[in-house]
Amino acid sequence: MEQQKAFVGKGSSQELFHFIEKKNISSVFLVRGKNAYRTSGAVKLIHQLLSNYSLQLIDYFDFSTNPKIEDIKRGVNLLQQSNAQLIIAIGGGRVLDMAKSIRFFNNHEGDIEKNNYVQVGKNIPLVALPTTAGTGSETTHFAVVYKNQVKYSVAHPNILPEMA
């Protein structure tokens, strides 16, 4: 597992371009919010990525305010069908939790109620681009997940983003 890296400040988005080049990424799974994606200007960054590289983009944004296990499973299925090599999360805490959960459940099996999992595959890199200040979701190994209206915290070192 690569160590988590954080880039902040003017020009930090260029690190995403370097990451895509270095890893030779051709397919991206984008987890995003509905509004902040546009109002934050992130849509321009993604359009720049698409125009600079021949990337296939799979866009996932139609999920509940509180990340439900059903939404995560739907996201995992889309991710697996897409064969994406990179997950990019753009949004607030719920979006980042959704992306971390999709990444985690893509290659882990287990019991959410007991927080007991076994890794069955390789992690896909995750780049988290927070559009809000305060949740810190991009820096923690926790994600909130709801199952049958009960709130669970998925906690595992492999849930951390590769780059934030």
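**Exercise 1. Find the strand that pairs with strand 1 in the parallel sense over five bridges, and name one residue pair.**

Step 1: Strand 2 (residues 56–60) pairs with strand 1 in the parallel sense, over five bridges. Two strands pair if DSSP finds at least two bridges between them. Strands here are DSSP runs (E, at least two residues) and helices are DSSP runs too (H or I, at least four), numbered from the N terminus.

Step 2: Look at Leu 30: its bridge partner in strand 2 is Asp 59.

Step 3: Now turn to strand 3 (residues 86–91), which runs parallel to strand 1 and is joined to it by five bridges. Here Val 28 stands opposite Leu 86.

A word on the model: it is predicted, with local features needing pLDDT of at least 70 and side-chain atom pairs counting only at pLDDT 80 or more, while totals for chains, interfaces and linings use all residues. Residues are numbered from 1 along each chain as its sequence is written, and side-chain values use heavy atoms, leaving out hydrogens and water.

**Exercise 2. Decide whether strand 1 is enclosed or open.**

Step 1: Buried means under 20% relative accessible area, with a 1.4 Å probe and protein chains only.

Step 2: Check one side, where Ser 27, Phe 29 and Val 31 are buried, then the other, where Val 28, Leu 30 and Arg 32 are buried.

Step 3: Six of the six residues of strand 1 (residues 27–32) are buried, so the strand is largely enclosed by the rest of the structure.

**Exercise 3. Place this in the whole chain.**

Step 1: Count five helices and eight strands, in the order α-β-α-α-β-α-β-α-β-β-β-β-β from the N terminus.

Step 2: Of the 164 residues, 46% count as buried.

Definitions and conventions: Buried < 20%, exposed > 50% of the residue type's maximum accessible area, 1.4 Å probe, protein only.
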